[in-house]
Amino acid sequence: MKNSIKNILALLFVLTFSVSFAQTVEGVVSTSENIPLEAANIVIKGTTSNTTSDQNGKFTIDTRGKLPFTILVQYVGYKTTELEFTAFPTSALNVTLNEENALVEVVVSSRRRIEKVQDVPIAISVITGKQAEQTGAFNVNRIKELVPSVQLYSSNPRNTGINIRGLGSPFGLTNDGIDPGVGFYVDGVYYARPAATTLDFIDVEQIEVLRGPQGSLFGKNTTSGAFNITTRKPSFTSGADFEVSYGNYNFLQAKASVTGALSSKLAGRLSFSGTQRDGLIDNVATGRPTNTLNNQGIRGQLLYTPSENTNIILAADITTQRPDGYAQVVAGVAPTKRAAYRQFDAIIKDLNYQLPSLNAFDRKIDHDTPWRSNQDMGGLSLNIDTKIGGGTLTSTTAWRFWNWDPSNDRDFTGLQVLAKSQNPTRQTQFTQEVRYAGQLSSKISGVVGVFFIDQTSKTNGTEESGDAQWRFAQSSTSPLWKTPGLFEGYGIKTDASIRSSSAAVFGQLDWAITDRLHILPGLRYNYDKKDADYARTTYGGLQTTDPALLALKKSVYSDQSFTSNTDNTDFSGNLTLTYKASDKINAYATYAKSYKPVGVNVAGLPTDAKGLPLLDLAVIKPEKVNHYEIGVKTSPFRNSVFNLAFFNTEIKDYQTNVQAAELGVNRGYLANADKVRVRGAELDASFVVNRNLTINGAATYTEGTYVKFTNAPLPLEETGTTVGGVQVAYKDVSGTDLPGVSRWAGSLGGELSDDAKFFGNSGKIFLAIDSYARSEFSSSPSASKYLIVPGYAIFNARLGFRASEGLSIHFWGRNLLNKDYYEQLLPAGGNTGQYAGVIGDQRTYGITLKYKL
């Protein structure tokens, strides 16, 4: 990977020396006391062209050679200044901002227009690309430490779930047959695979996290929120950034980006990111560490401006990940209700086996099946923006693919229980969105659009037993279980495919009844169709015609096939009322009727007493969501933000993932819980105490409850429960907590800085500390006292010097107190009692160098 990084950096360096054909405007931003303002936001109104001022208040912005144009100049606690131009200025601008008791004027585009985040009647958190880079948040898993309403759980990229306010994806194993409830968009392109959230960010400009249903603003319906990520666009002004980080465990991360004009109407941008790190868990069987990082990504963009009213961007990207990773460590053993000989400790004693450690945080494993979590993801997109009347017509066309090549050790031991566990998958998708957003009349603005997605996912999997399978599968005292070679090499080949299509018409209006009172109705009509085919075939093991031996083999793996076809239509909508009581207070109230589309099972189904699949579980009913929310966005005093939101979300026919007891369905299957409810409150705050000190924080309180769920799977410790001699298969868990939801979560950080010089560069020396904490949460679809993840808190810090141009340097440390914590707990297949943990990273530290041209 190091050679690849060097080659790509060399290419980017050559491309740095491009020629600029753009018309730029220069200027200086200062206060009325003539004090330069660093990091003022400068935007060309009606475009995506923006920049920030340096430590001397200076800025340069690309106008793309268009007349007339308007420049917006914004800064924390100061009144926004608008400068209109009908000719290009012949000298540098001097922009003076007057203080105002106003909010931080962060610009967002979630409602398909440039506006201040504090004016948007949506609970929304904004992380700039600079903030993400400075805090080391190079993927969504790190973003959750900045936005505590976000939860991400990943036992590997495929089995990744991203939730907002505890909702979005079923906790546990992923099933391709359902849609995520959290939308993930990059430059307007919808990413259907949750594995996208495990990828490194590439040249990100801004990350907007919207909370709550967003069906009338975005192409794909989302029931719990959306990530709206924008990358840095090509510029007609030449520029380049180079960054390299090095840390313990041989952590190496390199990033680079170059941009410039290729002609008077064509500009380009090429960006690269590469990350590698040694493993954090020792495999005593192989003698080398596992859970490494080995990621590379590259993104190229071409911007064509055929006229002053039209922008066309062609983008392509590809990311590869080749980690030796995602191994889980045995975290404990739960006694079950099964017979004594079926308990984990008794099983491994009979096999003369011992775990390499009884303490998960010794970070030792002895897995004998290689861990492989290879994935490739990429695509092409064409985005066309053209101004028509008082708005902009946008067309976004995209094609994307995802290739997944795994190998797992799902028994989490050095025993050959499962010799193979791998389900390679290839997914492709095509999306098309067309929307118009703008001012429809003097009182009404809005957005209306159509969206279409067609995707195909194909899996060709293998699961194969080893020589220890007989003892883990043993369900009676019959000596036939010890038949030599009965299960060794016995397994299943799985062919599963799903094709899903979705089409929608959506829109939302913003009616200004008065200057302060607005009403925002939104509607959506959706059609969803899903076709699934599933087939698994047994192979290997002892070849025999003995009915008793065949029955034992069938109890572990059996043949199964089914076809499922379904479609559904749905109307949904939302109504928001917003009232700006004053320049300091903006209140809103929202009701949304949303839904998650119908689902299909494509990972095997439970069977009846005759071994036949329960086909009534092949189709999962759509979720029906009723969401209520009130919020207020305020600026209680100068240079401050203090936002509150209260929400209540009720879901009927909640789609939840259930783990089957039989090994042959170890991927889990889906079902509907009758009703769940999530309610809580959120706080976002930030304060600029003075020019040297800033403080920011966020907190959330969330109650997630199964209101009614009468046929939930048994908790791990209740596996094998019998009543009257009959084994119990389900449990009523109504009133218990939803998995993955902490009652309390929060982040708190601050930065102390002062003017300084470093190697002749003017900039700021800074010390920044941030923290993230969450309370305990259930890590099982049905609450188990053994699968409760304890609460934890981690602390990170940075110390260094940064400049808007030239060299910046900082030292960083993550999890400074070296806290041992779990991110997830999960039972091994077969429910013999052992369970494993996804362990959080131990203390890491390093240095980052950045050079900007």
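Confidence in this predicted model bottoms out in helix H1 (residues 2-15), with a mean pLDDT of 51, and peaks in strand E48 (residues 788-789), at 96. There is also a stretch, residues 100-104, where pLDDT is below 50, although the model gives this stretch 24 contacts beyond near neighbours in sequence. Something similar turns up at residues 663-667: pLDDT stays under 50 there, and the model has 27 contacts beyond four places in sequence. Where pLDDT is low, the predicted coordinates should not be read in detail. For the protein chain as a whole, the mean pLDDT is 87, and 93% of the residues reach 70 or more.

**Salt bridges**

How many salt bridges does a search of the whole structure find? The count comes to 37. Here are three of them, with the distance between N and O atoms.

| Basic residue | Acidic residue | N to O distance |
|---|---|---|
| Arg 165 | Glu 682 | 2.8 Å |
| Arg 232 | Asp 203 | 2.9 Å |
| Arg 400 | Asp 317 | 2.9 Å |

Start with the salt bridge between Arg 165 and Glu 682. This pair joins distant parts of the chain, 517 residues apart: Arg 165 is in the loop between strand E12 (160-164) and strand E13 (182-186), while Glu 682 belongs to strand E39 (residues 669-690). Both Arg 165 and Glu 682 are buried. They don't act as an isolated couple either, since a network of salt bridges links Arg 165, Arg 211, Glu 629, Glu 682 and Asp 684.

Next come Arg 232 and Asp 203, whose side chains meet in a salt bridge. Arg 232 sits in the loop between strand E16 (225-231) and strand E17 (239-247), and Asp 203 in the loop between strand E14 (189-190) and strand E15 (204-211), so this salt bridge ties together parts 29 residues apart in sequence. Here too, Arg 232 and Asp 203 are both buried.

The salt bridge of Arg 400 and Asp 317 runs from strand to strand. Arg 400 is in strand E27 (residues 391-407) and Asp 317 in strand E23 (residues 310-321), with their positions 83 residues apart in the chain. Are these two buried or exposed? Buried means under 20% relative accessible area. Arg 400 has 5%, so it is buried, and Asp 317 counts as buried because its relative accessibility is 13%.

**Helix H6**

Now for a helix. In H6 (residues 547-556), the buried residues are Leu 549, Leu 552, Lys 553 and Val 556. Looking down the axis of H6, you'd see these buried residues fall within an arc of 95 degrees, so they line one face of the helix. What covers them? The cover includes strand E30 (444-465) and helix H5 (469-473). At the N-terminal end, H6 is capped by Asp 546, which has a side-chain oxygen 2.9 Å from the backbone nitrogen of Ala 548.

**A three-stranded sheet**

Finally, have a look at an open sheet of 3 strands, ordered E21-E20-E25 with mixed pairing. Strand E21 (288-290) and strand E25 (364-365) are at the edges, each with a single partner strand, so one side of each has no neighbour in the sheet. Strand E20 (residues 281-283) pairs with E25 in the parallel sense, over 2 bridges. Across this pairing, Asp 282 stands opposite Lys 364 in E25.

Conventions:
Residues numbered from 1 in each chain as written. Predicted model: local features only at pLDDT ≥ 70, side-chain atom pairs only at ≥ 80, totals over all residues. Heavy atoms only, no water. Salt bridge = Lys/Arg side-chain N within 4 Å of Asp/Glu carboxyl O. Helix = DSSP H or I, 4+ residues; strand = E, 2+ residues; numbered from the N terminus. Buried < 20%, exposed > 50% of the residue type's maximum accessible area, 1.4 Å probe, protein only. Arc of directions from axis to C-beta. Contact = heavy atoms within 4.5 Å. Polar contact = N/O pair within 3.5 Å; in protein donor to acceptor, adjacent residues only side chain to side chain. Pairing = 2+ DSSP bridges. pLDDT = per-residue confidence, 0-100.
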